[in-house]
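Biologist: Please take a close look at how charged side chains pair in this structure, and then set what you find in its wider context. I am new to this structure, so a connected account would be welcome.

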Protein chains: 2
Amino acid sequence: MPDRAPADRRGELLAIAARLFADKGFKNTTVRDIADAAGILSGSLYHHFDSKESMVDEILRTFQEELFGQYDEILASDADPLAKLEQAVLVSFDAIDQHHDEVAIFQNEAAYLLTFDRFSYLADRNRQSREVWLTLLRNGIDAGVLRDDLDVELTYRFIRDTVWVAVSWYRPGGRRTHTEIAKQYLSILLEGIHS
Amino acid sequence: MPDRAPADRRGELLAIAARLFADKGFKNTTVRDIADAAGILSGSLYHHFDSKESMVDEILRTFQEELFGQYDEILASDADPLAKLEQAVLVSFDAIDQHHDEVAIFQNEAAYLLTFDRFSYLADRNRQSREVWLTLLRNGIDAGVLRDDLDVELTYRFIRDTVWVAVSWYRPGGRRTHTEIAKQYLSILLEGIHS
DNA sequence: GTCTATATCTAGATAGAC
DNA sequence: GTCTATCTAGATATAGAC
């Protein structure tokens, strides 16, 4: 593996920053915090990155490219509508497990970051995500496997919110695996809690 | 109405601050922002309040006393378990409608504020909220009206998250009333989306 | 690639006049 | 109750040495 160390220094620093942004918030994390955690001084960070904004930008872009690639694969597959919906939920919980910090940052900081022009792509991603879920829900209704008396827009929001907000309490390595949680969630979502 | 203006100036300023804290975040709202919105200068705010922290403290305390009073009433009532659960959901969506900014602040800033000793009561309120929902769910299971194969702790989290996170997209005066949203949500929660 | 040193800016808070 | 003026602390970012 040639030039692994130099190429990865950037990734290391981004991972350290992501952890802090996720835990304390973007605004509330100082470049000194990041440098301290990395064992260097704040000025040295500017050898690697333009600004604190550039750091969070790179973190979110990289993560979202991967996540939306997975959604696209599901949409393009030939699974039945119910299976696709389940896969989308599982992939999302997988992201919470594998990219916990990135999901947390997107959940907690997107509204703030969207006030800057350079982060306008986050709004595009929100629209894209809405399209994915609405498509899955409409296909399920059309195929007759989902109730047709539900407000699709509201249903989409409930699913989206419950899935992603789990990042606020799920901790990788905890008592329940992310797959167990995803399956319980799907059971409630599909069948309800009424006996 | 004697001395209405002087007594309400405090409340006016708190409402202005709450709106800004909810929209932009606590850390990201400056005392100058608050003063600007109130049409005064930043120094003048300190005639009314000790600090920015005191402002958010008063906002959250007042709101939570009211909300938890309502939960206590539901728990103490003689309605059946299913009705109590429905009432708790309705009361929560009512809070999102009537105290939108306060709910948003609690949702978005609690984790940060909890790093200060003076806000440790927020952790107590979180525990209290958990007890309310767990009690409602357990009573429903014991009475046989809720599925007994569900993880109660996970179910509580899904309900809590989906209810409160609605504050991020619900806007008072929008296309759907908060009661319509609450009823759709209860329909999904109780019966599921499967046809 | 990191450190030293520092420029620049912004924020919370205070004191006293009006 | 508000304004003027200002203090102080802390944050982002830069320049040049090592």
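Modeller: In this predicted model, A:D124 and A:R127 form a salt bridge, with 2.6 Å between the closest N and O atoms. Both residues belong to helix α7 of chain A, where they stand three residues apart and are therefore separated by about one helical turn. The two partners fall into separate accessibility classes: A:D124 has a relative accessibility of 41% and is partly exposed, whereas A:R127, at 52%, counts as exposed. The latter value matters because the limit for an exposed residue is set at over 50%.

A comparable arrangement is found in chain B. There B:R61 is paired with B:D57 in a salt bridge whose closest N and O atoms are 2.9 Å apart. These residues are four places apart in helix α4 (residues 52-76) of chain B, so about one helical turn separates them. B:R61 is partly exposed, with a relative accessible area of 38%, while B:D57 is buried, with 7%. The figure for B:D57 places it in the buried class because that class covers residues under 20%.

Not every pair lies within one helix. The side chains of A:E53 and A:R118 also meet in a salt bridge, at 3.7 Å from N to O. A:E53 is part of helix α4 (residues 52-76) of chain A, and A:R118 sits in the loop between α6 (100-113) and α7 (121-142) of that chain, so this pair ties together parts that are 65 residues apart in sequence. The distance of 3.7 Å qualifies because the rule accepts a nitrogen of Lys or Arg within 4 Å of a carboxyl oxygen of Asp or Glu. A:E53 is partly exposed at 24%, and A:R118 is likewise partly exposed at 34%. The pair belongs to a network of salt bridges that links A:E53, A:D57, A:R61 and A:R118. Over all chains, the count of salt bridges comes to 28. As a general principle, side chains of opposite charge can pair when their charged atoms come close.

The setting for the chain A pairs is a helical one. Chain A contains nine helices and zero strands, and its C-alpha trace spans about 60 × 40 × 35 Å along the principal axes. Of the 195 residues in chain A, 50% are buried. Among contacts in chain A with a separation of 6 or more, 67% are between residues 24 or more positions apart.

How are the two chains related? Chain B can be laid on chain A by a turn of 180° and a shift of 0.0 Å along the axis, with an RMSD of 0.0 Å. The two copies are thus related as by a two-fold rotation axis. In chain B, B:G192 has the C-alpha nearest the axis, at 1.9 Å from it.

Charged pairs also occur where the chains meet. The rule finds two salt bridges across the interface of chain B and chain A. A:R176 and B:D151 form a salt bridge, with their closest N and O atoms 2.7 Å apart. Polar contacts across the interface involve 27 residue pairs. On the side of chain B that touches chain A, α5 (81-98), α8 (152-165) and α9 (178-191) of chain B each supply at least two residues. The largest share of that side, 10 residues, comes from α8(B).

The contact as a whole takes 39 residues from chain B and 37 residues from chain A. Together the chains bury about 3800 Å², of which 61% is on carbon and sulfur atoms. Of the interface residues of chain B, 95% are also interface residues in chain A, so the copies meet through the same surface.

Finally, the nonpolar side of the picture deserves a place beside the charged pairs. The largest nonpolar core has 133 residues, of which A:I193, B:F93 and B:I193 touch the most other members. Leaving aside residues up to four places away in sequence, B:F93 touches A:F158 in chain A as well as B:V163, B:A166, B:H178, B:I181, B:A182 and B:Y185. In soluble globular proteins, nonpolar side chains tend to be buried together. By contrast, A:L41, in the loop between α2 (31-38) and α3 (42-45) of chain A, is exposed, with a relative accessible area of 65%.

Note on methods
Residues numbered from 1 in each chain as written. Chains lettered and ligands numbered in written order. Predicted model: local features only at pLDDT ≥ 70, side-chain atom pairs only at ≥ 80, totals over all residues. Heavy atoms only, no water. Buried < 20%, exposed > 50% of the residue type's maximum accessible area, 1.4 Å probe, protein only. Least-squares fit on C-alpha atoms with pLDDT ≥ 70 in both. Contact = heavy atoms within 4.5 Å. Core = buried A, V, L, I, M, F, W, Y, C linked by side-chain atoms within 4.5 Å. Buried area = accessible area lost by both parts, 1.4 Å probe. Polar contact = N/O pair within 3.5 Å; in protein donor to acceptor, adjacent residues only side chain to side chain.
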